[in-house]
Amino acid sequence: MPTSPSTAAQPARGPLRVCAQNPRYFADDYGTPVLLIGSHTWDSLQDMGPDDPPAPFGWEAYLAFLAAHHHNFVRLWHWDLTHWDTAANNEPDPRRCFVEPHPWRRTGPGQALDGKLRFDLAKFDEVYFRRLGDRVRAARDRGIYVSIMLFEGWGLQFVSDGWAGHPFNPANNINGIDGQGLKVHELGRAAVLALQEAYVRKVIDTVNQFDNVLYEISNENHPASTPWQYHLIRFIHQYEAGKPKHHPAGMTFQYQGGSNQTLFDSPADWISPNSDGGLQHRAAGW
């Protein structure tokens, strides 16, 4: 239904911070508690679909849907893999997907495993970052907060040979970088971490001017990623300390085998727990 002037969403008033009266909530610059409510989809930032290239996502229609339902939150989902096909996983409803754009430029020389040019991990693709900034701005204008997902752990765990579609596979980049599969989301490889930190800095430089921003380190990553995720949360805090605005950095439940205690012990400003050890956070409204 149309939004009346009396109920029209207002732009964010300052980056969110923990509410002094109730730390389960965020508050804005005026100290007003903010309850974040949204409707989720997976291609809110990168286009994805069965065709190559994938059809563009209807971002403006999605924002209009959120606004019409008085929602004020969306996750800007990030996909690490350039493509995947779950047919080899024996799923009842297999999915074949291509994803564009990505944070790094495909310059070559040479072809990646998908037949396209290899990535140059030293060069950012401004198409990706312009889209990121434009979508955060458009969401802000409708009073919608965005959680920017930086990395994604589902594909490497659950797609058969998902590593073949990752830019940090040495066959897919010209920089000699080998993230070593799942270990790409673990500490221990200085060259890999340096590139990841450079990417996070680029994201922050792109959106720091906006009030309606939160960060999420990674969706559904494996438990061994814990030190890496803690490091990146602290890295965001440290880098934004020298910036005009400071935004909440969050950590979500690690799947499979995660523990809510890992989230409680983290340096994150916000967390997304799951059912764990009898603690039914979703059912209890945590």
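**α4 against α5**

I started with α4 and helix α5 (residues 226–240), which pack at about 45 degrees with their axes 11 Å apart. Axes here are lines fitted to C-alpha atoms, for helices over the stretch in contact, and angles run from 0 to 180 degrees between N-to-C directions. That angle makes α4 oblique to α5; the bins are under 35 degrees for roughly parallel, over 145 for roughly antiparallel, 65 to 115 for roughly perpendicular, and oblique for the rest. I noted the crossing of α4 and α5 as right-handed, i.e. the near helix is turned clockwise from the far one by less than a right angle (anticlockwise would be left-handed).

Then I listed who touches whom, with contact meaning heavy atoms within 4.5 Å. On the α4 side I have L193, Q196, E197, V200, R201, I204 and D205. They meet W228, H231, L232, F235, I236, Y239 and E240 in α5.

Note to self: this is a predicted model, where local features need pLDDT of at least 70 and side-chain atom pairs count only at pLDDT 80 or more, while totals for chains, interfaces and linings use all residues. Residues are numbered from 1 along each chain as its sequence is written, and side-chain values use heavy atoms, with hydrogens and water left out. Helices (H or I, at least four residues) and strands (E, at least two) are DSSP runs, numbered from the N terminus.

**α1 and its cover**

Next I looked up helix α1 (residues 59–68), where W59, Y62, L63, L66 and A67 are buried. Buried means under 20% relative accessible area, exposed over 50%, and partly exposed in between (1.4 Å probe, protein chains only). Seen down the axis of α1, these buried residues fall within an arc of 135 degrees, so they line one face of the helix. The arc is taken from the directions from the helix axis to the C-beta atoms. The general rule I keep in mind is that an α-helix has 3.6 residues a turn, so residues three or four places apart point the same way.

What covers that face? The cover of the buried residues includes β5 (73–76) and α2 (126–141). For α2 I checked the geometry: its axis and that of α1 come within 11 Å and cross at roughly 25 degrees, so the two helices are roughly parallel to each other. α1 passes α2 in a right-handed crossing. W59, E60 and L63 in α1 meet R135, A138 and A139 in α2. After α1 comes H70, with a positive phi near 60 degrees.

**Two sheets**

I found an open sheet of 3 strands in the order β4-β7-β6, with antiparallel pairing. The edge strands β4 and β6 each pair on one side only. Neighbouring strands of this sheet are turned by 10 degrees against each other on average, direction ignored. Strands pair if DSSP finds at least two bridges between them. Strand β4 (residues 47–49) and strand β7 (residues 96–100) have 3 bridges; D47 stands opposite E100, and M48 has V99 as bridge partner. Strand β6 (residues 83–85) also pairs with β7 over 3 bridges, and H83 is matched with F98.

The other open sheet I noted has the order β1-β2-β3, again antiparallel. Strand β2 (residues 26–27) and β3 pair over 2 bridges, with F26 opposite V34.

**H166**

Last I looked up H166, in the loop between α3 (154–158) and α4 (190–207). Buried or exposed? At 5% relative accessibility, H166 counts as buried. Leaving aside neighbours within four places in sequence, I get contacts from H166 to D80, L81, L156, N172 and V184.
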